[in-house]
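Biologist: I should like a close look at a single part of this model, set out as one connected account. Please begin once the sequence and structure are on display.

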Amino acid sequence: MRWRPLSPTHSRTLPAWPRLCDQVSQWTRLCELTVPLAVENFLKESFDQPPTIPAAILELEKKLSEPVRVHNDDKLRRQKLKQQKAAGVGPSLAKEKTKSKGHRQETSEEGDSSSASLELKVAFSKLTIHKEPASANREPSYVRKAKASDLPPLDHVFAEGLYFTLADIVLLPCIHHFLVIICRKLSGKLVEFPLLAAWYQRIQEVPRVQTAASQCGIQFISLPALQTTSSQQPPNLDEAPSAEEQNDPSFIGGPRPTMTKLMEKGIEVMFSPHPCPTWTLDWDTLPAAVSPKEGKMSSDRALRKQQQLNNLVYMVTNQAKPGDRIVDFCSGGGHVGIVLAHVLPSCQVILIENKELSLIRAKKRSDELGLSNIWFIQANMEYFTGMFNIGVALHACGVATDMVIEHCLKTRASFVTCPCCYGFIQNTSKVNFPKSELFKKTLSYKEHMILCRFADQTAVQLPPQRRLIGKQCMCLVDLDRARAAEEHGFSVQVISMEPESCSPKNNMIVGVPI
């Protein structure tokens, strides 16, 4: 199949393709399959007798009460702590103030930004193309030194967390019709769904949602203010699972039993040596549009991004041959793909990303460079069926890394991946953990998830011993991925990026078909 590049006259990228709901996660399946079916059946009831509220609706309300987990939640929670301190509000009092506002947290373009929650600011900033540049100022010491367990949790803004997604669009008509029935025939039940009501009100603030809903025959209803209940606080996901673990900086009782179990089977933390740890691109001589500084990030972050790119570009250029097709999966704003297209003019580079705004930014940088060997595809990676020689992914979140590797295994393509968000790893209908036969014989799914959870604890704010164990868990999770690829006839190495300070998630999995 031939993929058409965007011409400069196009105002948008290729249309996004639909997701397969049950291939993403149980949460996505709930929002996009289970809830719609449950509401459809609920609307068919006669209501001669009090109906049973669908279990899927109750589960969705419960999910909305849980703290949000996103790939940069540590950074956002520290920003929230700073916001609360500036307002003279402690975390516990902040929760009460949020509840006392009722079911709707209002915000407006002209309103006082200090009164809007950090979650709302982040959520609505994602719905605009123009963003304020990241601040290069260092955070106050009380923010930097705060323990992860002391940080305030992030609250849901939209269905999947902070960001407006396809799940919100699918849920809107379902929840609208459910709430209409509740208000008209079962008004006493409405108090049981304060978070759904809050979401219903908030989604109306998204640009053009009211217009689109009206065109679809949806007339929004007004809901009374509701109080959220606080009888049971959701667990802090960053707290250690046991008192022993909390009191022991070595985390005895945490991942240690699982790690010991692997050691008894001869599976130990082991990294392959970096083939050229001091290699770097000559960033000073490269065009400005090649540099990640064009992404309007702080100078410190841009330096770390350059260091990450040094590692990936070295690995790819050592494997690439003239005429090769290189695919940058989950490309984002094109940091990896644009550099590769510039330094490998004899290769074709394809960027695959499902977010339109990210590809618009990448396309703009590509146009500035005059690149003619680069293509852009807006789609989820599973819908790309073209042949390629090398697959690359920088910080593909959770199972996205595994999907990239699977794509490369099927195509017999080399791969260079840098995983991220280990805590988001979970079984799906297409990917199961542990992946390799060696790990399957040793660990249960639950034990593997323990490794994944602790692999996410490598943030620079954490104590050195905790970061070390987090790094070891990262290695073990990636060794499982590597062994699984080896079972498919690949030679695979797990390598640490240099310098390791370039990112808390600094592992590379490099595979070459034998």
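Biologist: Which residue is the bridge partner of F415 in β7? Please take the answer as a starting point for a description of the sheet around that pair.

Modeller: The coordinates come from a predicted model, and what follows should be read with that in mind. In β7, F415 has G511 as its bridge partner. This pair belongs to the contact between β5 and β7, where β7 covers residues 507-513 and the two strands run antiparallel over 3 bridges.

Strand β5 itself spans residues 414-420, and on its β4 side it pairs in the parallel sense over 7 bridges. Two of the pairs between β4 and β5 can be named. I390 stands opposite S414 of β5, and V392 has V416 as its bridge partner in that strand.

The burial of β5 deserves attention. Of its 7 residues, 7 are buried, so the strand is largely enclosed by the rest of the structure. The side chains may be divided by direction: S414, V416, C418 and C420 point one way, F415, T417 and P419 point the other way, and all are buried. The residue raised in the request, F415, is thus listed with T417 and P419.

Strand β4, residues 390-397, is mostly covered as well, with 6 of its 8 residues buried. One residue of β4 calls for a separate remark, namely H395. Its relative accessibility is 21%, so H395 counts as partly exposed; buried would require a value under 20%. H395 also has a positive phi of about 60°, although it is not a glycine. As background, most residues other than glycine have a negative phi.

On the side of β1, which comprises residues 325-329, β4 forms a parallel pairing over 3 bridges. Here I326 stands opposite I390 of β4, and V327 stands opposite G391. I390 therefore appears in two pairs, opposite I326 of β1 and opposite S414 of β5.

The link from β4 to β5 includes a helix. Helix α15, residues 400-411, joins with β4 and β5 in a right-handed β-α-β unit.

These pairings fit into a wider arrangement. The sheet is open, has 7 strands with mixed pairing, and follows the order β3-β2-β1-β4-β5-β7-β6. Its edge strands are β3 (374-378) and β6 (490-496), each of which pairs on one side only. From one strand to the next the twist averages 15°. Helix α13, residues 335-343, packs on this sheet and touches β1, β2 (348-353), β3 and β4; its direction makes about 170° with that of β2. Helix α14, residues 356-369, likewise packs on the sheet, touching β2 and β3, and its direction makes about 170° with that of β3.

Several loops complete the picture. The loop between β5 and α16 (437-440) contains P434, and the peptide bond leading from F433 to P434 is cis, with omega near -10°. The loop between β6 and β7 contains P499, which is joined to E498 by a cis peptide bond with omega of about -10°. As a general point, most peptide bonds are trans.

A further loop, between α17 (445-455) and α18 (464-486), holds T458. T458 is buried, with a relative accessible area of 7%. Its side chain makes a polar contact of 2.8 Å with the side chain of K505. Apart from neighbours within four places in sequence, T458 is in contact with R467, G470, K471, M474, P504 and K505. K505 thus figures both in the polar contact and in the list of contacts.

In summary, F415 pairs with G511 across the antiparallel join of β5 and β7. On the other hand, the pairing of β5 with β4 is parallel, and 7 of the 7 residues of β5 are buried.

How values were computed. Residues numbered from 1 in each chain as written. Predicted model: local features only at pLDDT ≥ 70, side-chain atom pairs only at ≥ 80, totals over all residues. Heavy atoms only, no water. Buried < 20%, exposed > 50% of the residue type's maximum accessible area, 1.4 Å probe, protein only. Helix = DSSP H or I, 4+ residues; strand = E, 2+ residues; numbered from the N terminus. Pairing = 2+ DSSP bridges. Right-handed = clockwise from strand over helix to strand, strands pointing away. Polar contact = N/O pair within 3.5 Å; in protein donor to acceptor, adjacent residues only side chain to side chain. Contact = heavy atoms within 4.5 Å. Axes fitted to C-alpha atoms, helices over the stretch in contact; angles between N-to-C directions.
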